[in-house]
Amino acid sequence: MYFDAIKNLQEITLPYVIRKDLPVGTVMTVLTKEEQIIHDANKTGYIFSRDSTTVFNIFKECTQDTDTDTWIKNIRCGMLAMHALQDNYDGHAEARMRVTTATI
């Protein structure tokens, strides 16, 4: 993944910004060292804010002039942009579209 190649000031790769929460009861020791670092990373504060902006700018660049850019146009946070994209393509919005298409 592209974000794996980019590290922040604390040497943490950017997937921590858009990580999904681990299932309840997950034992950290079953994760790889990199996964542990990603899931231990703080999602608040100055560094997170900078990293989230970096992730958002990458999303913005990748979606510019596409139908997808409408899903993130009023968002300025990488984490929230990822949630919006997931909802569009994997979540409720996609399910609604499939139902609508199926009933037409």
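Okay, so starting at the N terminus and walking along the protein chain, the elements go α-α-α-α-α. That comes to 5 helices and 0 strands. Keep in mind that what you see above is a predicted model.

A few overall numbers before we zoom in. The chain has 104 residues, and 33% of them are buried. The accessible surface of the chain is about 7300 Å², and carbon and sulfur atoms account for 56% of that. And if you take the contacts between residues at least 6 apart in sequence, 44% of them join residues at least 24 apart.

Let's go to the aromatic rings. How many aromatic pairs does a search of the whole structure find? It finds 3. Take Y2 and F3: their ring centres are 6.1 Å apart and the planes sit at 70°, so we call that pair edge-to-face, since the angle is over 60 degrees. Now, is Y2 buried or exposed? Y2 has a relative accessible area of 55%, so Y2 is exposed. F3, with 5% relative accessibility, counts as buried.

F3 also pairs with F59. Here the centres are 5.6 Å apart and the planes are at 90°, so this one is edge-to-face as well. What I like here is where the two partners come from: F3 is in the segment before α1, F59 is in helix α2, and they are 56 residues apart, so to speak, in distant parts of the chain. Both F3 and F59 are buried. Put together, Y2, F3 and F59 make one aromatic cluster.

Staying with that first segment, have a look at P15, which also lies before α1, the helix that covers 33–40. P15 has a relative accessible area of 10%, and because that is under 20%, P15 counts as buried. And which residues does P15 touch, leaving out those up to four places away in sequence? They are F3, D4 and I38, so F3 turns up again here. There's also a distance to A5: P15 and A5 are 10 residues apart along the chain, and their C-alpha atoms are separated by 9.5 Å.

Next stop, helix α2, residues 45–63, which is where S52 lies. S52 is buried, with a relative accessible area of 3%. A polar atom of the S52 side chain lies 2.8 Å from the backbone nitrogen of G78. Leaving out residues up to four places away in sequence, S52 touches V17, C77, G78 and M79.

G78 takes us to helix α4, residues 78–90. Why do we say the length of α4 agrees with what we'd expect? Well, at 1.5 Å a residue, its 13 residues should span 18 Å, and the end C-alpha atoms are 17 Å apart, so that agrees. The buried residues in α4 are G78, A81, M82, A84, L85, Q86 and N88.

Last thing, the cysteines. C77, which we met as a contact of S52, is buried, with a relative accessible area of 17%. C62, on the other hand, is exposed, at 60%. And how many disulfides are there? The count comes to 0.

That's my tour. If you want one place to start looking in the viewer, try the cluster of Y2, F3 and F59, and then hop over to S52 in α2.

Terms used. Residues numbered from 1 in each chain as written. Predicted model: local features only at pLDDT ≥ 70, side-chain atom pairs only at ≥ 80, totals over all residues. Heavy atoms only, no water. Helix = DSSP H or I, 4+ residues; strand = E, 2+ residues; numbered from the N terminus. Buried < 20%, exposed > 50% of the residue type's maximum accessible area, 1.4 Å probe, protein only. Contact = heavy atoms within 4.5 Å. Polar contact = N/O pair within 3.5 Å; in protein donor to acceptor, adjacent residues only side chain to side chain. Phe/Tyr/Trp six-rings, centres within 6.5 Å; stacked < 30°, edge-to-face > 60°. Areas by Shrake-Rupley, 256 points an atom, 1.4 Å probe, with all protein chains shown as cover. Expected span 1.5 Å × (residues − 1). Disulfide = S-S within 2.5 Å.
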